[in-house]
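Me: I'd like to go through the labels on this model and see what backs each of them up. Can we take them one by one?

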Amino acid sequence: MLDAQVTKAPPSLLYMVKQVELVVRSHLDELVRPSGITALQYTALTVLERHDGLSAAQLARDSFVTAQSIADLVRSLEGRGLVRRERNPRNRRELLILLTDAGRELLARHAGPVRELEERMVRDLTAHQTEQFRQALAKAWHALS
């Protein structure tokens with residue numbers, strides 16, 4: 001007869017990271033849907049908020065999407081007046097993507113609810129544990145980049 005106390009292995013870290021990503025994306029989609037954007041579009045806007053004037057290739061890398069996806073995403077955001085494109089003065093063949101005032105206003109409207117979502121995610125962690133979590137995620141990202 002087999003022992004009834006078979007120990008199950010814990011889920012892999014990759015699986016757990018994916019679970020967190022999916023639930024965060026779902027909540028983020030709910031938060032930004034009233035503004036007519038998706039979580040991926042919101043992510044791209046936040047990237048531009050931190051580093052305005054990126055090429056499409058750099059925005060795609062920093063937003064975790066493909067070059068084709070970023071082209072469609074930027075077209076949509078540009079059509080809504082949230083971003084604009086202009087020629088790079090140092091390389092006239094390259095277009096830079098910039099956040100507009102309307103894009104900044106949209107981000108400002110969502111800053112509080114997004115901050116609350118993040119706080120909810122780490123509410124059972126101490127401030128020190130939250131910082132350790134942030135550092136561990138950064139190290140994991142760098143290890144795979």
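Me: What makes glutamate 21 and lysine 18 a salt bridge?

Reply: First, the ground rules. This is a predicted model, where local features need pLDDT of at least 70, side-chain atom pairs count only at pLDDT 80 or more, and totals for chains, interfaces and linings use all residues. Residues are numbered from 1 along each chain as its sequence is written, and side-chain values use heavy atoms, with hydrogens and water left out. Now the pair: a salt bridge is a side-chain nitrogen of Lys or Arg within 4 Å of a carboxyl oxygen of Asp or Glu. The closest N and O atoms of glutamate 21 and lysine 18 are 3.0 Å apart, so the pair meets that cut-off.

Me: Where do glutamate 21 and lysine 18 lie?

Reply: Both are in helix 1 (residues 13-32), 3 residues apart, about one turn of the helix. Helices here are DSSP runs of H or I with at least four residues, strands are E runs of at least two, and numbering starts at the N terminus.

Me: How do you know that aspartate 52 and arginine 104 form a salt bridge?

Reply: Their closest N and O atoms are 2.9 Å apart. This pair links distant parts of the chain: aspartate 52 sits in the loop between helix 2 and strand 1 (54-55), arginine 104 in helix 5, and they are 52 residues apart.

Me: Why is aspartate 52 called partly exposed?

Reply: Buried means under 20% relative accessible area, exposed over 50%, and partly exposed in between (1.4 Å probe, protein chains only). Aspartate 52 has 32%, so it gets the middle label.

Me: And why does histidine 110 count as buried?

Reply: Its relative accessible area is 7%. Histidine 110 lies in helix 5 and touches Leu31, Val32, Ser35 and Tyr42, leaving aside residues up to four places away in sequence. Touching, or contact, means heavy atoms within 4.5 Å.

Me: Why are helix 3 and helix 4 called roughly perpendicular?

Reply: Angles of 65 to 115 degrees count as roughly perpendicular, under 35 as roughly parallel, over 145 as roughly antiparallel and the rest as oblique. The axes of helix 3 (residues 56-63) and helix 4 cross at roughly 105° and come within 9 Å, so the label fits. The contact involves Ala56, Leu59 and Ala60 of helix 3 with Ala67, Ile70 and Val74 of helix 4.

Me: What about helix 2 and helix 4: at what angle do they cross?

Reply: Roughly 80°, with the axes coming within 11 Å, so helix 2 is roughly perpendicular to helix 4.

Notes: Axes are lines fitted to C-alpha atoms, for helices over the stretch in contact, and angles run from 0 to 180 degrees between N-to-C directions.
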